[in-house]
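Please examine the sequence and the structure shown below. The explanation that follows concerns aromatic rings and the groups around them.

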Amino acid sequence: MEMRELGKTGLKVCAVGFGASPLGHVFGDVPLSVAVAAVRRAFDFGINFFDTSPSVYPSFFYLIKDFSYFEFSRLNWPLVLLAWSCWSTMIFFVRENKWCKLLPYGYYGGTVSETVLGQCFKAIGVPRYQIIVSTKCGRYSEGFDFSAERVTRSIDESLTRLGLDYVDILHCHDIEHVSLDQIVNETIPALQKIKEKGKARFIGITGLPLNIYTYVLDRVSPDSIDVILSYCHFGINDSTLADLIPYLKSKGVGVISASPLAMGLLTDNGPPAWHPASDELKSACKLAAEHCRKKGKQITKIALQYSLLNKDISTVLVGMNSPTQVEENVAAALELSSSGIDKELLNELENILGPVKNQTWPSGIQQS
């Protein structure tokens, strides 16, 4: 696996990073044995970077699976479908009205991802010095809270779940949902104290809108932020992160990119119902996926390969929940290194996606 330097941290991270959100059961149940096998396979392939978070809710079916009333052998499917419909409608209603503090949709399964990842590390006996672990703070099942008190408590909770003495990177998670001035004046100084205590080696910030990074980095003291984690902004349909990289390099900040499949847009199955993209963007991505299928190709593979082309992006986080997924992602990366990307197919996809190129969606509050 190709290794790349992460900013000025001195860390060398694998080009394809292990996104642990699927271990939180956000897309369905993942038995612990399968999770352990996935992490072991990743480690065997040379994947050394693992990203998680104490974020929010798992999937509906994971929530109900432990209730004795729902014995799947005698399942009342009409009732289950009604409950699922109510659950989905509630999530949609909350998101459309921007009441994210009540029920933020999320990707890490309400701390389950951290817990399972920690169990995986313990099960396979990974030497601590051979792995790089990042987690996040500020986004929780109860909402967003970037206060100094909460993030200070958060790192201790995360370390307990992970079974670690420290994390390599601690990110402020989706900072666009609160005042950025709070991040600058309260949260980052609190994380600096966490860093001084040895509980985190480096500090990062994450979020969807790219302008949050310049706002914060221009206002904090030099070297107080080591990395940024951007998602859905370096893929075939949206490559706007590339325009920000010269600025980030000038600040000495390392760059991590996530969600090369644009949260499901660039997949055969398409995005989940709650995906905030426009119908125009969803339709264009669906056409791109259909084009790949007609040619006997996988849009997921070329989407991942495209995201790996920019060497200034140190690592690309990909969600994985099985050994098979690990093997497919590593194979795509190795094929890119040995044979390059399918330029003909890439050009065809770029033509299909041209009308929606760099189209994104709103996220967060209006900043003053």
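The charged end of which residue sits over the ring of Tyr215? It is that of Arg219, placed 3.5 Å from the centre of the ring. The model in which this arrangement appears is a predicted one. A second example involves Tyr166, where Arg128 lies over the face of the ring at 4.1 Å from its centre.

Rings may also pair with one another. Across the whole structure, a search finds 3 aromatic pairs. In one of them, Phe50 and Phe121 are arranged edge-to-face, with 5.4 Å from centre to centre and 85° between the planes. The angle earns this name because planes over 60 degrees apart count as edge-to-face. Phe50 belongs to strand E4 (residues 49-51) and Phe121 to helix H4 (residues 112-124), so the pair ties together parts that lie 71 residues apart in sequence. Phe50 and Phe121 are both buried. Together with Phe18, these two residues form one aromatic cluster.

Another pair consists of Phe234 and Tyr306, and here the rings are stacked: the centres are 5.5 Å apart and the planes make an angle of 25°. The term applies because planes under 30 degrees apart count as stacked. This pair, too, links distant parts of the chain, with the two positions 72 residues apart in sequence. Phe234 is found in the loop between strand E10 (227-231) and helix H8 (241-250), whereas Tyr306 is in helix H10 (residues 299-307). Both Phe234 and Tyr306 are buried.

How values were computed:
Residues are numbered from 1 along each chain as its sequence is written. This is a predicted model: local features need pLDDT of at least 70, side-chain atom pairs count only at pLDDT 80 or more; totals for chains, interfaces and linings use all residues. Side-chain values use heavy atoms; hydrogens and water are left out. Rings of Phe, Tyr and Trp (its six-membered ring) pair if their centres lie within 6.5 Å; planes under 30 degrees apart count as stacked, over 60 as edge-to-face and the rest as tilted. Helices (H or I, at least four residues) and strands (E, at least two) are DSSP runs, numbered from the N terminus. Buried means under 20% relative accessible area, exposed over 50%, partly exposed in between (1.4 Å probe, protein chains only). A charge sits over a ring if NZ of Lys or CZ of Arg is within 6 Å of the ring centre and within 35 degrees of the ring normal.
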